[in-house]
Amino acid sequence: MNTVRPESLVLFCLTPGGVALAERLRAVLPVTCFTSEPLLKKGFRPFMGSFAQTVKDAFPVHSALIFIGATGIAVRMIAPLLQDKMSDPAVVVIDERGQHVISLLSGHMGGANALACYLAGVLGADPVITTATDVNGLAALDTLASQLDARMENLRDGVKTINQMLVSGQQVGLWWDDDFASQQHQVTTDGFINVAELSALPRLDALVCVTLRARLPEVNCPVFKLVPRRIVAGIGCRRNTPFTVLHKLLAEQLQARRLDSLALRAIGSIDLKQDEPGLQALAQCYQVPFEIFSASELQPGEAHFPVSAFVREVAGVGSVSGPVAWLMSGGHLLGETLREQGVTLTLGVVH
């Protein structure tokens, strides 16, 4: 899932007018600007080989691409690069006079709609948004997922179904588990029907549930569970602990706390384990980052956990999984540390 990160904005301009407009944006945004050699100014970079090659290289590594120029040129540049609406970057096009800012690609998941509106505000331009939910003043499931940093089984199908229901005027409920009830006023929910209790549903065509729970009570309409990524796992282990062992223990810990595995946000360990094959495979399996920490980073949290003289001698800190989970979650742990088969595993929750 893409979200626009300001530090990964990249901009392409091809004319003197485009360069002038790019300079206005550089004054307020941390954006990397590319142009041709004859138009180079201080702070700009030349195209690497060619305009097309520079776009090709930037597309998979930047969160958002901004083109100043004709929409047709942007379309021709990105067309061979498109992969998936869930992972393609945001693409925004601005005419060189700065009158219109067009959200061209990844309006919801990539954040192009939000970026276009922001840039339009900076330039005093008109944002051009064409996604059906937005033009009808409605929320969208993929926007909600992006705002909550949430995942869903078969999100692509869920987005297609729910967004079509919303623009067709069907009754789509939205229920928030207690942990997330306070967030419902911080996100866009126009078009959804607020549901307070699962035990007393109004007539609905579908229901979206924001929750970390692995299972929900049965209801009398299709349920689409949106799972915010909030759970972190600190793990310590012996060298060359098999992936199968690590996977089994983590799955059991999530199940014991009735947590959906989609709620996992990151796996972490000490830097001595950064090349541990089992931990790397575990993070890849769950499609989450594998974060590593130095002993000095973990030492402040060590006082909250039982320590081992052996672990201290080897790692420079007396405990690994607990301090890692403590650091990653801001001190919000879930249950006790598991110690089994040479593995220590501590869960935390990010608030």
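**View 1. The span of residues 231-347, end to end.** The end C-alpha atoms of residues 231-347 lie 7 Å apart. Helix makes up 38% of the span and strand 26%. Helices (H or I, at least four residues) and strands (E, at least two) are DSSP runs, numbered from the N terminus. UniProt lists these residues as "domain: CobE/GbiG C-terminal", in an unreviewed entry. UniProt positions follow the numbering used here, feature names are shortened, and annotations may be inferred rather than shown by experiment. This is a predicted model, in which local features need pLDDT of at least 70 and side-chain atom pairs count only at pLDDT 80 or more, while totals for chains, interfaces and linings use all residues. Residues are numbered from 1 along each chain as its sequence is written, and side-chain values use heavy atoms, with hydrogens and water left out.

**View 2. Helix H12 and its surroundings.** Helix H12 covers residues 321-329. Seven of its nine residues are buried, so H12 is largely enclosed by the rest of the structure. Buried means under 20% relative accessible area, exposed means over 50%, and partly exposed lies in between (1.4 Å probe, protein chains only). Which residues of H12 are buried? They are Ser321, Gly322, Pro323, Val324, Ala325, Met328 and Ser329. What do these buried residues pack against? Their partners are five strands and a helix: E13, E14 (264-270), E15 (290-293), E16 (333-340), E17 (343-349) and helix H10 (295-298). Contact here means heavy atoms within 4.5 Å. Just after H12 comes Gly330, with a positive phi of about 70 degrees.

**View 3. Gln253 in helix H8.** Gln253 sits in helix H8, which runs over residues 243-256. Is Gln253 buried or exposed? Its relative accessibility is 11%, so Gln253 counts as buried. Gln253 touches Glu336, Leu338, Leu345 and Leu347, leaving aside residues up to four places away in sequence.

**View 4. Two loop residues with positive phi.** Asn240 lies in the loop between strand E13 (231-237) and H8. Its phi is near 65 degrees, a positive value in a residue other than glycine. Asn240 is exposed, with a relative accessible area of 55%. Asp149 lies in the loop between helix H6 (141-148) and strand E8 (150-151). For Asp149, phi is near 50 degrees, again positive in a residue other than glycine. Asp149 is partly exposed, at 21% relative accessible area.

**View 5. Phe12 and Phe34, a stacked pair.** Rings of Phe, Tyr and Trp (its six-membered ring) pair if their centres lie within 6.5 Å; planes under 30 degrees apart count as stacked, over 60 as edge-to-face and the rest as tilted. By this rule there are five aromatic pairs. One of them joins Phe12 and Phe34, which are stacked at 6.0 Å centre to centre with 20 degrees between the planes. Phe12 belongs to strand E1 (residues 9-13) and Phe34 to strand E2 (residues 31-35), so the pair ties together parts that are 22 residues apart in sequence. Phe12 is buried, with a relative accessible area of 1%. Phe34 is buried too, at 5%. Both belong to one aromatic cluster with Phe47, Phe51 and Phe67.

**View 6. Helices H2 and H3 cross.** H2 covers residues 51-58 and H3 covers residues 71-78. How do their axes meet? The axes come within 9 Å and cross at roughly 60 degrees. Axes are lines fitted to C-alpha atoms, for helices over the stretch in contact, and angles run from 0 to 180 degrees between N-to-C directions. Phe51, Ala52 and Val55 in H2 meet Ile73, Met77 and Ile78 in H3. By class, this contact has six nonpolar, no polar and no charged residues. Ala, Val, Leu, Ile, Met, Phe, Trp, Tyr, Cys and Pro count as nonpolar, Asp, Glu, Lys and Arg as charged, and the others, Gly among them, as polar.

**View 7. Leu82 and Ala125, two more loop residues.** Leu82 lies in the loop between H3 and strand E5 (90-94). Leu82 is partly exposed, at 40% relative accessibility. Beyond four places in sequence, Leu82 touches Phe59, Asp88 and Leu105. Ala125 lies in the loop between helix H4 (112-123) and strand E7 (126-128). Ala125 is buried, with a relative accessible area of 11%.
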